[in-house]
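Good morning, colleagues. I shall speak briefly about aromatic contacts, strand pairing and a surface patch.

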Amino acid sequence: GYGTNNEIGGNAHYTYVKSGDFDLNSFGVTVGFYDRVELSVAEQKFDISDLRGKVSAGLGADAIGRDSLDQTIIGAKVRVFGEAVLDADTWVPQVAVGVQYKKNHDGDFIKGAVVGAKQDHGVDFYASATKLLLDKNLLLNSTLRFTKANQFGLLGFGGSKDNSYNPELELSAAYLLRKDVAIGAEYRMKPN
């Protein structure tokens, strides 16, 4: 968050992504306490209505009887050491560890024959390092996430071939073109 070590602050978000036949809506809130602890809750709605006709033709009329896959994510994160801004002139990154509980609300579907997930809920564990390079106008982040999630949990957790935690790397970078404009890129691995 944006708060200092004697402040409590919050953020709200809404994200919409359109990709081919799919839409993703995500919204949530985050509350940060004293620049140390962050609690969050988010809802995701993955619209699969355009997929229904394509899949149902081969699997039977009721193979996909829904318009969306829905998921709730509850998270907690703790800053372990480092200060992104105050330590900008040292090699020390800001490091945080966190946990996310994810509950998919379409258990019968994702554990059924079409998807084949082992569970409709799961827990992700992660460690994240962030480094701000003020003199270069650059923010770098790397995260190592341990997860069983299929497509971030939208398709459940684990399966018949692999039900173990997998380490997945997430990388992101942001470059400030000026004080109020940044460009960025992100790369995320997912279990196969």
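Let me begin with a definition: a nonpolar patch is made of residues with over 30% relative accessible area and no salt bridge, their nonpolar side chains being joined within 5 Å. Please bear in mind that the model is predicted.

With that rule, one nonpolar surface patch covers about 740 Å². Its members are Val99, Phe125, Leu144, Phe146, Tyr165, Leu169, Leu171, Tyr187 and Met189. Strands β8 and β10 each supply at least two residues of this patch.

Three of these members deserve a word on accessibility. Phe125 has a relative accessibility of 40%, Tyr165 has a relative accessible area of 37%, and Met189 stands at 32%. Since partly exposed covers the range between under 20% and over 50%, Phe125 is therefore partly exposed, as is Tyr165, and Met189 also falls in that class. As to location, Met189 belongs to the segment that follows β11.

I turn now to the strands. Strand β8, residues 138-147, pairs with β10 in the antiparallel sense, over 10 bridges. Within this pairing, Thr143 has Glu170 of β10 as its bridge partner. On to the next partner: β10 also pairs with strand β11, residues 181-188, again antiparallel, over 8 bridges. Here Ser172 stands opposite Glu186 in β11. The connection from β10 to β11 is a hairpin through 2 residues.

Next, the aromatic side chains. How many aromatic pairs does the count come to? The count is 2 aromatic pairs.

In one pair, the ring centres of Phe22 and Phe46 lie 5.2 Å apart and the planes meet at 15°. Planes under 30 degrees apart count as stacked, so the pair Phe22 and Phe46 is stacked. This pair links distant parts of the chain, with Phe22 in strand β2 (residues 22-33) and Phe46 in strand β3 (residues 37-47), 24 residues apart. Phe22 is partly exposed, its relative accessible area being 26%.

In the other pair, Phe125 and Tyr165 have ring centres 5.9 Å apart and planes at 55°. Because that angle is neither under 30 degrees nor over 60, the pair is tilted. Phe125 is in strand β7, residues 121-133, whereas Tyr165 is in the loop between β9 (157-159) and β10 (166-178). The pair therefore ties together parts that are 40 residues apart in sequence.

To close, I return to the patch: both Phe125 and Tyr165 are among its residues, and their rings form the tilted pair just described. Thank you for your attention.

How values were computed: Residues numbered from 1 in each chain as written. Predicted model: local features only at pLDDT ≥ 70, side-chain atom pairs only at ≥ 80, totals over all residues. Heavy atoms only, no water. Phe/Tyr/Trp six-rings, centres within 6.5 Å; stacked < 30°, edge-to-face > 60°. Helix = DSSP H or I, 4+ residues; strand = E, 2+ residues; numbered from the N terminus. Buried < 20%, exposed > 50% of the residue type's maximum accessible area, 1.4 Å probe, protein only. Pairing = 2+ DSSP bridges. Patch = residues over 30% accessible without salt bridge, like charges linked within 9 Å, V, L, I, M, F, W, Y side chains within 5 Å. Areas by Shrake-Rupley, 256 points an atom, 1.4 Å probe, with all protein chains shown as cover. Salt bridge = Lys/Arg side-chain N within 4 Å of Asp/Glu carboxyl O.
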